[in-house]
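Biologist: I would like to learn how to read a model like this one. Could you take me through it feature by feature?

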Amino acid sequence: MEVIRAKRAGACYGVQRALDMAAEVIEAGGRAYTLGPLIHNPQVVDELAARGAAAVASVEDIPAAARTDAAAADEAPAVVIRSHGVTPEVLGAVVERGFSVVDATCPHVSRAQAAAAELAREGCRVVVLGEAGHPEVEGLTAWARQAGGKVDVVAGPGEIPAGLYDPVGVVAQTTQRKENLEAVVAALREQGLDPIVKNTICSATRQRQEAAADLASAVDAMVVIGGRNSSNTTRLAEVCALTCPRTFHIESVDELEATAFAGCRRIGVTAGASTPENQIASVEAFLKTL
Ligand code: F3S
């Protein structure tokens, strides 16, 4: 049985970096909290908590006993900011309460935050293309507002408010599709505007989908690993199923049954952005035993 991994699969650069940064704090013997789950993967979140990096919903939820005097910041528990980034207010609250900050904001997201703030400082009305309520979008919006900008969050061209006037700047949530950004820019131009566009899209999601589609069309079965509640993993499974009807979306190796692969000669493997390397490796190891 040949087992082939998609050219791009699993945790993206930003998520892996956040996991590594949290691991570094734990290994150095420090106490840590993450603001929200570091990754959309229950097994990994539980494992991190067991090792000493519990996820909390907000900085206020960190037990009072864990807080120390800001003056002793070297020994203060660390608060790990996840790859989506946070608002300046949240960052301020973490510092104010005397925690040390481990900023694992993905550099692509930091760049988007800086672009949003820069547009605002230049006097632009800032159009943030993204999913309202998503933590990354909340961050982008807040950084632009802190720089004095007025912000509109739109999911696509249909949500652009009427009555905008130049200067208008556009910034995108990093996981947006390029086509959607182009459609928003075109719609703004149709309103007679001349938008300043900051293309802050990260190509990791698209590259994973393209690599999965390529592989799915060349194998007898595909195994897609990742949370069922993970939208990027579900999308990967959908993309694979288009050309490979024997596509299995699983959360862990325990769900695999040898009989499902009867008659297969080549099996492809891919994984969502929240799937760490060890989970992919254990699935590959199982498949290789068939
Ligand atoms: Fe960063 Fe792109 Fe991943 S923005 S967190 S590398 S999807």
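Modeller: We can begin with one cysteine. Leaving out residues up to four places away in sequence, C12 touches A204 and A273. Keep in mind that this is a predicted model.

Biologist: Where in the fold is C12 placed?

Modeller: C12 lies in the loop between β1 (2-5) and α1.

Biologist: Is C12 buried or exposed?

Modeller: The general idea is to count surrounding C-beta atoms; a residue with 20 or more others within 10 Å is called buried. C12 has 23 other C-beta atoms within 10 Å, so C12 is buried.

Biologist: At which cysteines does UniProt place the feature "binding site"?

Modeller: An unreviewed UniProt entry places that feature at C12, C106 and C202. These three span 191 residues in sequence, yet no two of their C-alpha atoms are more than 10.3 Å apart, so they gather at one spot.

Biologist: What can be said about C202 and its surroundings?

Modeller: Apart from neighbours within four places in sequence, C202 is in contact with H108, T174 and T175. The loop between β9 (196-198) and α7 holds C202. With 21 other C-beta atoms within 10 Å, C202 is buried.

Biologist: Which residues come nearest to the ligand?

Modeller: A shell of 14 residues surrounds the ligand, and C12, G14, C106, H108 and C202 come nearest. By character, the shell has eight nonpolar residues, six polar ones and no charged ones.

Biologist: Which helices supply at least two residues of that shell?

Modeller: For this, one maps the shell residues onto the helices. α1 (13-27), α4 (107-121) and α7 (204-216) each supply at least two. α1 gives the most, with three residues.

Biologist: At which other positions does UniProt place the feature "binding site"?

Modeller: The unreviewed entry also places that feature at H40, H84, H134, S230, S231, N232 and S274. We can take two of them in turn.

Biologist: Where is H40, and what is it in contact with?

Modeller: H40 sits in the loop between β2 (32-35) and α2 (42-51). Neighbours within four places in sequence aside, H40 is in contact with G227, N229, S230 and S274. Of these contacts, S230 and S274 also carry the "binding site" feature in the UniProt entry. H40 counts as buried because it has 20 C-beta neighbours inside 10 Å.

Biologist: In which helix is N232 found?

Modeller: N232 is found in α8 (residues 231-243). N232 has 20 C-beta neighbours inside 10 Å and therefore counts as buried. Not counting residues up to four places away in sequence, N232 touches T205, G272 and A273. A273 is also touched by C12.

Biologist: Now the strands. In what order do the four strands of the open sheet lie?

Modeller: In general, strands of a sheet pair through backbone hydrogen bonds, either parallel or antiparallel. Here four strands form an open sheet in the order β3-β2-β4-β5, with parallel pairing. β3 (53-56) and β5 (100-103) stand at the edges with a single partner strand each, so one side of each has no neighbour in the sheet. Direction ignored, neighbouring strands of this sheet are turned by 30° against each other on average.

Biologist: How many bridges join β2 to β4?

Modeller: Three bridges join β2 to β4 (residues 78-81), and the two strands run parallel. As for individual residues, A32 stands opposite A78 in β4.

Conventions:
Residues are numbered from 1 along each chain as its sequence is written. This is a predicted model: local features need pLDDT of at least 70, side-chain atom pairs count only at pLDDT 80 or more; totals for chains, interfaces and linings use all residues. A residue is near a molecule or strand if its C-beta atom, placed from the backbone, lies within 6 Å of it. Ala, Val, Leu, Ile, Met, Phe, Trp, Tyr, Cys and Pro count as nonpolar, Asp, Glu, Lys and Arg as charged, and the others, Gly among them, as polar. UniProt positions are given in the numbering used here, feature names are shortened, and annotations may be inferred rather than shown by experiment. A residue is buried if 20 or more other C-beta atoms lie within 10 Å of its own, exposed if 12 or fewer, and partly exposed in between; C-beta atoms are placed from the backbone. Two residues are in contact if their C-beta atoms, placed from the backbone, lie within 7 Å. Two strands pair if DSSP finds at least two bridges between them. Axes are lines fitted to C-alpha atoms, for helices over the stretch in contact, and angles run from 0 to 180 degrees between N-to-C directions.
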